[in-house]
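Here are a few exercises to work through with the structure open beside you. Try each task before you read its solution.

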Amino acid sequence: MSVNWGDIPAYLALCLSIASLGITFGFNGRQRKFFENQELLNKQMMRQIDDQAKEKRQADLGARIVKQGNGNRLKVFNSGKAPARHVRMEILDGSEMLIATEVSEKFPVDQIDPGSGIELIAITMLSGPRKVKVRFLWEDDHSAQQEKIATAHA
């Protein structure tokens, strides 16, 4: 079998075409992965934007007992970014630590703004309970029925 010198450029062109076809398929695969990753990133960014918008419309109520002067206080506070409206407080455990008339005078509250709160006198005794567990019910710009259970330790 003899080699025809005229066929060598045709074989080289065929090899070059096959190589470029392989390179093109590899490039298309990487490009597809890039677009899939871009789509995932866009979805994640949209979720973060939605979460931030939701966070701006939510109040977050909490409670803690702080020592103030000679006594203790139960501080009810709003650490969220939106005001809490029509705030109600139910004492679930440790009601002996709070004065019932003071609680009934201060709650329900029309509104607790972000960064502000309400103080109640907390009575701590050596033999009494050392924590109070409360449930907060309120409305905010996110929902008309928000609820949170908080436990404050003395």
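**Exercise 1.** In this predicted model, classify Arg73 as buried, partly exposed or exposed, then find its salt-bridge partner and say where the two sit.

*Solution.* Start with the cover on Arg73. Its relative accessibility is 28%. Buried would need under 20% and exposed over 50%, so Arg73 counts as partly exposed.

Next, look for the partner. The side chain of Arg73 meets that of Glu119 in a salt bridge, at 3.7 Å from N to O. Strand β2 (residues 71–78) holds Arg73 and strand β5 (residues 117–122) holds Glu119, so to speak two distant parts of the chain, 46 residues apart, are linked by this pair. Glu119 comes out as partly exposed too, with 29% relative accessibility.

**Exercise 2.** Which residue forms a salt bridge with Arg85, and what does the pair tie together?

*Solution.* First the partner: Asp141, with the closest N and O atoms 3.1 Å apart. That passes the 4 Å cut-off for a salt bridge.

Now place both ends. Arg85 belongs to strand β3 (residues 84–93), while Asp141 is in the loop between β6 (131–139) and β7 (146–153), so the bridge ties together parts 56 residues apart in sequence. As for cover, Asp141 has a relative accessible area of 45% and is partly exposed; Arg85, at 24%, is partly exposed as well.

Then check for shared partners. Arg73, Lys75 and Glu119 are joined into one network by salt bridges that share partners.

**Exercise 3.** Find out how Glu39 and Lys43 are placed in helix α1 and what their side chains do.

*Solution.* Begin with the spacing: the two residues are four apart in helix α1, about one turn of the helix. Side chains of opposite charge can pair when their charged atoms come close. Here the side chains form a salt bridge, with 3.6 Å from N to O. Glu39 is partly exposed at 46% relative accessible area, and Lys43 is partly exposed at 45%.

To finish, the tally of salt bridges comes to eight.

**Exercise 4.** Where does Asp60 lie, and which residues beyond its sequence neighbours does Asp60 touch?

*Solution.* Locate Asp60 in the loop between α1 (8–56) and β1 (61–68). Its relative accessible area of 31% makes it partly exposed.

Then set aside neighbours within four places in sequence. What's left in contact with Asp60 is Phe77, Asn78, Ser79, Gly80 and Lys148. Take Gly80 from that list: it is 20 residues along the chain from Asp60, and their C-alpha atoms are 4.4 Å apart.

**Exercise 5.** Is the chain as a whole spread out or compact?

*Solution.* Sketch the layout first. There are two helices and seven strands, in the order α-β-β-β-α-β-β-β-β. The radius of gyration is 33 Å, well over the 15 Å that the globule rule gives for 154 residues, so the chain is more spread out than a compact globule.

Cross-check with the box: the C-alpha atoms fill roughly 110 × 35 × 25 Å along the principal axes. Of the 154 residues, 23% count as buried. Then look at contacts with a separation of 6 or more: 61% of them come from residues 24 or more positions apart.

Last, the charges. The chain has 21 positive and 19 negative ones, and their mean positions are 5 Å apart.

Methods
Residues are numbered from 1 along each chain as its sequence is written. This is a predicted model: local features need pLDDT of at least 70, side-chain atom pairs count only at pLDDT 80 or more; totals for chains, interfaces and linings use all residues. Side-chain values use heavy atoms; hydrogens and water are left out. The radius of gyration is taken over C-alpha atoms; the globule rule is 2.2 Å times the number of residues to the power 0.38. Buried means under 20% relative accessible area, exposed over 50%, partly exposed in between (1.4 Å probe, protein chains only). Contact means heavy atoms within 4.5 Å. Lys and Arg count as positive and Asp and Glu as negative; His and the chain ends are not counted. The place of a charge is taken as NZ of Lys, CZ of Arg, CG of Asp or CD of Glu.
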